[in-house]
Amino acid sequence: MSGKTTNLTGGCACGRIRYKLKNDPLIVHACHCRDCQRITGSAFVINIWIEKQFVETSSKAAPTSFRLAGGTGQGHEVYFCDRCGTYLWSDYHGAPNDAYFVRAGTLDKPESVTPDVHIFTRSKLPWVQLPKDAPAFKTFYPFPKIWSAESKARLIRKAR
Ligand SMILES: [Zn+2]
Ligand SMILES: [Zn+2]
């Protein structure tokens, strides 16, 4: 599995908001859905799925948020720096765990993580070539198939 790193740091473009991830990602998604394409203005987003308790924000400033209607009908809270507009993370209501999806492009070293799975490839831009061995799904995926044992254990612990 790739993307097992603790204490990754990152921040917004203007430097006002800085964060540290105090645990390994549960999983790293590359999402090719239309919402993610639009929000990032790019081909896809790289999301680090991690419990909120492990996302430590600098005390100077907290991100602002606004609510988007998700494609699934479930709300989706987007957090960004109100000075420079960088999107830092999202909170998908209805996702298991009390978690954020941190945008890996805001890491100081974005090369620290590699997507574990590509999702919503039905709207993948045609010129994007996925690695041959990368798990990829037209929409979402069955959890047991993709999640590592450690991540499943963290999810179950939290649910209790
Ligand atoms: Zn900023
Ligand atoms: Zn998406």
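The legends below describe several close-up views of one predicted protein model.

Residues are numbered from 1 along each chain as its sequence is written, while chains are lettered from A and ligands numbered from 1 in the order in which they are written. Since the model is predicted, local features need pLDDT of at least 70 and side-chain atom pairs count only at pLDDT 80 or more, whereas totals for chains, interfaces and linings use all residues.

**View 1. The whole chain is made up of three helices and ten strands.** Helices (H or I, at least four residues) and strands (E, at least two) are DSSP runs, numbered from the N terminus. Along the sequence, these elements follow the pattern β-β-β-α-β-β-β-β-β-β-β-α-α. The average pLDDT (the predictor's confidence in each residue, from 0 to 100) is 88 for the protein, and 89% of the residues score at least 70. Among the elements, strand 10 has the highest mean pLDDT, 97, and helix 3 (residues 149-159) the lowest, 79. Of the 160 residues, 33% are buried. A residue counts as buried if 20 or more other C-beta atoms lie within 10 Å of its own, as exposed if 12 or fewer do, and as partly exposed in between, with C-beta atoms placed from the backbone. Of the contacts with a separation of 6 or more, 56% are between residues 24 or more positions apart. Here two residues are in contact if their C-beta atoms, placed from the backbone, lie within 7 Å.

**View 2. Three strands form an open sheet in the order 1-2-5.** Strands of a sheet pair through backbone hydrogen bonds, either parallel or antiparallel. Two strands are taken to pair if DSSP finds at least two bridges between them. In this sheet the pairing is antiparallel. Strand 1 (8-11) and strand 5 (55-57) are the edge strands, each pairing on one side only. From one strand to the next, the twist averages 25°; for such angles, axes are lines fitted to C-alpha atoms, for helices over the stretch in contact, and angles run from 0 to 180 degrees between N-to-C directions. Four bridges join strand 1 to strand 2 (residues 18-21) in the antiparallel sense, and L8 stands opposite L21 in strand 2.

**View 3. Seven strands form an open sheet with mixed pairing.** The strand order is 6-7-8-9-4-3-10. At the edges are strand 6 (64-69) and strand 10 (117-119), each of which pairs on one side only. Neighbouring strands are turned against each other by 30° on average, direction ignored.

**View 4. Strand 7 pairs with strand 6 and with strand 8.** Strand 6 and strand 7 (residues 75-80) are antiparallel and share six bridges. Across this pair, R67 has E77 as its bridge partner, and L68 stands opposite H76. Strand 7 and strand 8 are also antiparallel, over five bridges, and the bridge partner of H76 in strand 8 is Y92. The hairpin of strand 7 and strand 8 has six residues between the strands, and G85 in this hairpin takes a positive phi near 85°.

**View 5. Strand 4 is largely enclosed by the rest of the structure, because six of its seven residues are buried.** Strand 3 runs antiparallel to strand 4 and is joined to it by five bridges; C31 stands opposite V45 in strand 4. Strand 4 also pairs with strand 9 in the antiparallel sense over five bridges, where E51 stands opposite A99 in strand 9.

**View 6. The largest nonpolar core contains 34 residues.** A nonpolar core is a set of buried Ala, Val, Leu, Ile, Met, Phe, Trp, Tyr and Cys residues joined through C-beta atoms within 7 Å. The members that touch the most others are C31, I48, W49, I50, L88, V102 and A104. At least two core residues come from each of strand 2, strand 3 (27-31), strand 4 (45-51), strand 7, strand 8 (87-92) and strand 9 (99-103). Strand 4 gives the most, with five residues. Leaving aside neighbours within four places in sequence, the contacts of L88 include C12, I17, Y19, Y79, F80 and V102.

**View 7. S42 is found in the loop between helix 1 (34-40) and strand 4.** Is S42 buried or exposed? S42 is exposed, because 12 other C-beta atoms lie within 10 Å. The C-alpha atoms of S42 and L125 are separated by 9.8 Å, although these residues are 83 residues apart along the chain.
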